[in-house]
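Work through these exercises with the structure open beside you. Try each task before reading its solution.

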Amino acid sequence: MTTGDPARREPDLQGRVSELAALEHAVARLDGCRRSRWLAVCGEPGIGKTRMLTELCRHADACGHLVLDGHGVDLERDLPFGVLVDALDDYLGSLEPRRLSVLGRERLAELTAVFPALAAMDLGPRTPPAAAVAPAERYRTHRAIRALLERLAGPRPLVLALDDLHWADAATVELVAFLLRRPPAARVLLALAARTATMPPVLATALATADRDDGRARDGHRLELEPLPAGAAHALLAEHFRLDPDGRAAVYRASGGNPFYLLQLGRSGADRGGPRDGTGLPGVPPVVAAATAEEIAERTPAARHVAQAAAVVGEQFAPELVAAAAELGHDVVLAAFDELAAAGLIRPTQLPGRFAFRHPIVRAAVYGSAGAGWLLGAHDRTARALAAAGADVVVRAPHVERSTAGADPAAADLLARAGASSMGRAPADAAHWFAAALRTLPAGTDPARRLELTLDRGRALSAAGRLAEARTVLDAGLAMLPGGDVARRARMLATCAGLDNLLGQPGRARARLLEALGALDDRHRAEAARVRIGLAAGCYYAGDFDEMRRWERDAREDAIALGDPALLAAATGLVAGAEYLTADIGAARAAAAETVRLLDTVDDDALSPHLVALTWFGWTQAHLGDLPGALHGLDRVAAAARASGQAHLVPLVEVGRVYALVWSGRLAEAGRSADTALDASLFSGNTLFLVLATAARSWSALLAGDVHAAVRHGEDAVACAGEDPDVVTATARYALAEARVEAGEPERGRDELLGAAGGPDLPLIERAYRPRWYELLTRAELAVGDLPAATGWAERAGKAADGPVPIPLRAAEAALAGAAVALATADGAATVAARRAGDLADLAGAPLAGARARILAGRALAGEGCTARAVDELGAAEATAAACGARRLRDEAARELRRLGRPVARGGRPRRRTGPAGGVDALSRRERQVAELVADGRTNRQIGRALFVSDRTVETHLAKVFAKLGVSSRAAVAEFVGRVRA
């Protein structure tokens, strides 16, 4: 394809020089890299989006790339992943199974549930298809498809072209948004086309975010197509039609320069002397609709009848199914196909025996030309033919829906089964099918069945993120409940109250819960406990921690009266959280210990009704400093949630894991948990989960060294949280503030913090957590150069951390603030303060805080002239930060080492020395013992027992071993020792 010579351009590509250059550029950039790209072609109907994608695919194919393409269909929006199946399924069916088996059992299970071609392939042992996957975990399917694309792009670059995404099903749209956010790590060009005005909001947001992101802007391009200029339009018309100059001018004026309308009007004008007006189709100018309708009317009656049957069957159609819909013989249908193809109305596809209409608008016009009664029968015949062929209920459902004129129990049952089948991966489609099933239920249907379908629809809407609609539907379900069913009504009111809170209506939520509580008596203590827990949750969002503690203590009394150990464990865990939030750390730890004891006595099945409470208990454990206990408990909750169909809790569980993992120094795992939380919450409509997940992603990215991503995610979290002053908004603003401080904007970070927390006294932040906020304020003021302000914040941090039962990590953060101020004032106590902070961090099992303390200690010692001791502290800090994956912290320690003359490579990795001054020879006797035990595969605890020292002492020795050997992992230590032993 040559973009420089317009004279050589194909007629229908005249006037598209810059656009074609953009296509060539997108394809060319796939070569010589391992990164994916995206290109979005947008514009009004008929502007040439499909033509652009066609040209891109042709050019990519000529370059030797693998090209796969699919497109959305207006009448087939309810087929999950329909666009992607259209693009990939036939190609997947042609592959050798061994090319796909490397994807692994779990991924293959997800892919088999999406692509019919894989179900028939022998892919070896694999997990059965997860047909009942939880809606909240549909990101697993997205990840499996991304891995598939990476695999397909292995031998040569892959161009995946998805056209007409304005008609795509919800599952495809979510997948495309996911791929824009988390692109494949391979040479994949994601080429998209959609109408600008009717683009699905999820896709519009994803494209806007990808376009905005300066870090990846070079990886994508949005191409907005404009109408053709007059010269190009006249050349196009002259090539195709015998129109005089006045006729071409008239067509151009009527078309507005739209290429599709030009061709349609040109055909009409050439045959009849000029364009005509008529009744339009939705979204199509009347003159174009009239031209299309007249073209169809010119065909023979048999051809028109077959065309209408083909429009019923689908965008692509085979003769057998069209024959069934039309009630005609196979030979008659084939003859009609010949006539329609000769007239340019239909065309053969790449699949043998399959045909498609020239353009979706042509199909819409043909479909609209058929009578309503005939369409009912044609859809019914199509549905029956699909059933006889063994088609899935989701494939049959659109035809069943369109062929059911009134009450039909069998149709309602099939539509409900389609809803259940779609629930996991396409909850928006499931909601549609449940609604269709409700419409087709006979008037005398058992009210319990109608209520069941209503609740199913409400759950599907909630899973699809359409929370306001879900609440409306569930309110309708409440009205259907029998008057005496007090317990069930209380449970449903609690569910609706949860939606009220997520929709920003806490007053309405509280009123519902109080109404429910007022109707309950001692016979309903289990329901009363649930309602009181709901009231406590509302108090948490409002920051009223004392009232929250009252409701949770009352819920615990209900559990004690019932003698239910699982409910008692959940309620006691919530009491632990309330005691922590009200700064009674001793009571919180006692309640936490009691909760752990109770949890050991019950199995996961008994815990399943209480997983929300136990998730919050895991958060409490992390904030109290029991990091291993928090991770163990949250992992148990995650397994129980998936087993019991409550995977919607995954974001909350994973964010809790982020806190525990980051404080434990396991940043790579924290990043994965943050990604999972964000993936699971993005399409949920749950603002709370989305804010927490996005803030967690910001925090983990910052500590891993990606400041740009940290700021971006922090801004997204704040935008999602809104302006209301509450603890959720405060969480988002803290993440953004820390990112801004590290990005060199300390004033903005400071102001963000004070605004989020309600002022200098931080009234919106629980007292036990305030040292962390004050430490960041100290850092911000030191960066600004306001030493008195920094001193004031450090003093506040110390007072907030002080208490009868301190939390070591919070005390370490307060000590870090004091040490930083002492260092800035050249106070001789800086070294002592920094070492105290390090000891507290070691006690808390928080290596990153310990590394920061050792950097401060190293700087203080260097200032005192104690260079050797400073190098030891800084080397330990650098090694710890490197082992944790904290790049910025590692680089900070490395810079300080270089200032002291220690050779450290750029990027923070110390240069290895093999002589007497470095390497294994530089280790002390105790350090060498530790290194040799590491090489033998011993854990820190086993090493401590062998050497009769504490685990913390082992960690200190190991950090020094890392520094002296210039490595960042235990495996590298083992390698060093192995070479010496050899």
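**Exercise 1. A helix and its span**

How many residues has helix α44, and how far does it reach from its first C-alpha to its last?

Solution. First, the ground rules. This is a predicted model, in which local features need pLDDT of at least 70, side-chain atom pairs count only at pLDDT 80 or more, and totals for chains, interfaces and linings use all residues. Residues are numbered from 1 along each chain as its sequence is written, and side-chain values use heavy atoms, with hydrogens and water left out.

Step 1. Find the helix. Helices are DSSP runs (H or I, at least four residues), numbered from the N terminus. Helix α44 covers residues 867-884, which gives 18 residues.

Step 2. Check the span. The expected span is 1.5 Å times one less than the number of residues. For α44 that is 26 Å, and the helix reaches 25 Å, close to the expected value.

Step 3. Look at burial. Buried means under 20% relative accessible area, exposed over 50%, and partly exposed in between (1.4 Å probe, protein chains only). The buried residues of α44 include A870, V871, L874, A877, A881 and C884.

Step 4. Step past the end. Just after α44, G885 has a positive phi of about 85°.

**Exercise 2. The surroundings of R772**

Describe where R772 sits and what it touches.

Solution. Step 1. Place the residue. R772 belongs to helix α39, residues 770-784. Its relative accessible area is 9%, so R772 is buried.

Step 2. List the contacts (heavy atoms within 4.5 Å). Beyond the neighbours within four places in sequence, R772 touches W663, W699, Y734, E738, R810 and E813.

Step 3. Pick out the polar contact. The term means a pair of N or O atoms within 3.5 Å; within protein, one must be able to donate a hydrogen and the other to accept it, and residues adjacent in sequence count only if both atoms are side-chain atoms. The side chains of R772 and E813 make such a contact, at 2.8 Å.

**Exercise 3. Three salt bridges**

How many salt bridges does a search of the whole structure find? Then examine three pairs.

Solution. Step 1. Count. A salt bridge puts a side-chain nitrogen of Lys or Arg within 4 Å of a carboxyl oxygen of Asp or Glu. The search finds 63.

Step 2. Take R58 and E55. Their side chains meet at 2.9 Å, N to O. The two are three residues apart in helix α2 (residues 49-62), about one helical turn. An α-helix has 3.6 residues a turn, so residues three or four places apart point the same way. R58 is partly exposed at 37%, while E55 is buried at 3%.

Step 3. Take E339 and R299. The closest N and O atoms are 3.8 Å apart. E339 is in helix α16 (residues 330-342), and R299 is in the loop between α13 and α14, 40 residues away. E339 is partly exposed at 25%; R299 is buried at 18%.

Step 4. Take R852 and E775. Their closest N and O atoms are 2.5 Å apart. R852 lies in helix α43 and E775 in helix α39, so the bridge ties together parts 77 residues apart in sequence.

**Exercise 4. Cysteines**

Why does C63 form no bond with C57?

Solution. Step 1. Apply the cut-off. A disulfide is a pair of cysteine sulfur atoms within 2.5 Å. The structure holds zero.

Step 2. Check the distance. The closest cysteine sulfur to that of C63 is in C57, 12 Å away, which is too far for a bond.
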